[in-house]
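Biologist: I should like to learn how to read side-chain contacts in a model. Could we begin with the terms and then turn to the case at hand?

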Amino acid sequence: MLLEAGCANSSLLPYLNKELGFEVYGLDYSHAGCEGAKKVLEYYGANGTIILGDIFEPPSDMYGRFDVVISMGVIEHFSDTEKVCRALGKLVKPEGIIVTEVPNFSKGSICSGIQKIADRKVYDKHVPLSREDVLNAHERCGFQTVYCNYTIGMNFGVIHYKKSQEWIKKSLTRMSKLVMLMKKDKLRGTKMFSPYIYYVGEKVRNGF
């Protein structure tokens, strides 16, 4: 059983169900987000269960239920990173897996600088987490790290742009693809260039 926390309009759930055979669930706090996720599942002909709820106060039968819990761009919206990691950890079975993705808006990253210019309001909604921040928050909650690093060499598609800046988005995305083709080995997985930080960990103790 796999849960995506913060599943609004998720295109990941149908893929994991149809292509990898997971029994999938989604949890989101908004009615609109849940309805969007249901429509995407239906569109792809996938099976899944979408649940309206708060990750800090989910339905009680969700605790310790899931083999895998995924969050894509969730934990960086909370000032207390450890608190939200702990909340997600309560949903994971003992020896289950957590997978966390956050945008790389850490100090010194190119994506961080561009986001500030493109739309400062969007940047301010994020806590700029480093690899070390993500790793430490999970390990303090009882996860044993399997993988934690800056991921992908360069991709400016992670940036949120205003509608009037679509041409900038297209230009930067094309440029990043070109640079990746030319210098992919030098740029792969670096704090400066990577658009994402990924964490994968195993729940090894009940620290939740």
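Modeller: Let us start with accessibility: a residue is buried under 20% relative accessible area, exposed over 50%, and partly exposed in between (1.4 Å probe, protein chains only). Glu132, at a relative accessible area of 41%, is therefore partly exposed. This is a predicted model, in which local features need pLDDT of at least 70 and side-chain atom pairs count only at pLDDT 80 or more, while totals for chains, interfaces and linings use all residues. Residues are numbered from 1 along each chain as its sequence is written, and side-chain values use heavy atoms, with hydrogens and water left out.

Biologist: How many salt bridges does a search of the whole structure find?

Modeller: A salt bridge requires a side-chain nitrogen of Lys or Arg within 4 Å of a carboxyl oxygen of Asp or Glu. The search of the whole structure finds six. Glu132 takes part in one of these with Arg131, their closest N and O atoms being 3.7 Å apart. Arg131 is likewise partly exposed, since its relative accessible area is 25%. Salt bridges with shared partners also join Glu82, Arg86 and Arg140 into one network.

Biologist: Which parts of the chain does the salt bridge between Lys93 and Asp67 link?

Modeller: Helices (H or I, at least four residues) and strands (E, at least two) are DSSP runs, numbered from the N terminus. The side chains of Lys93 and Asp67 meet at 3.4 Å, N to O. This pair links distant parts of the chain, with Lys93 in strand 5 (residues 92–103) and Asp67 in strand 4 (residues 66–72), 26 residues apart. Lys93 has 30% relative accessibility and counts as partly exposed; Asp67, at 34%, is partly exposed too.

Biologist: What separates Arg120 from Asp124 in helix 5?

Modeller: About one helical turn separates them, because they are four residues apart in helix 5 (residues 120–124). Their salt bridge has its closest N and O atoms 3.0 Å apart.

Biologist: How is a pair of aromatic rings described?

Modeller: The description uses the distance of the centres and the angle of the planes. Rings of Phe, Tyr and Trp (its six-membered ring) pair if their centres lie within 6.5 Å; planes under 30 degrees apart count as stacked, over 60 as edge-to-face and the rest as tilted. The whole structure contains four aromatic pairs. One of them, Phe56 with Phe78, is edge-to-face, at 5.3 Å centre to centre and 75° between the planes.
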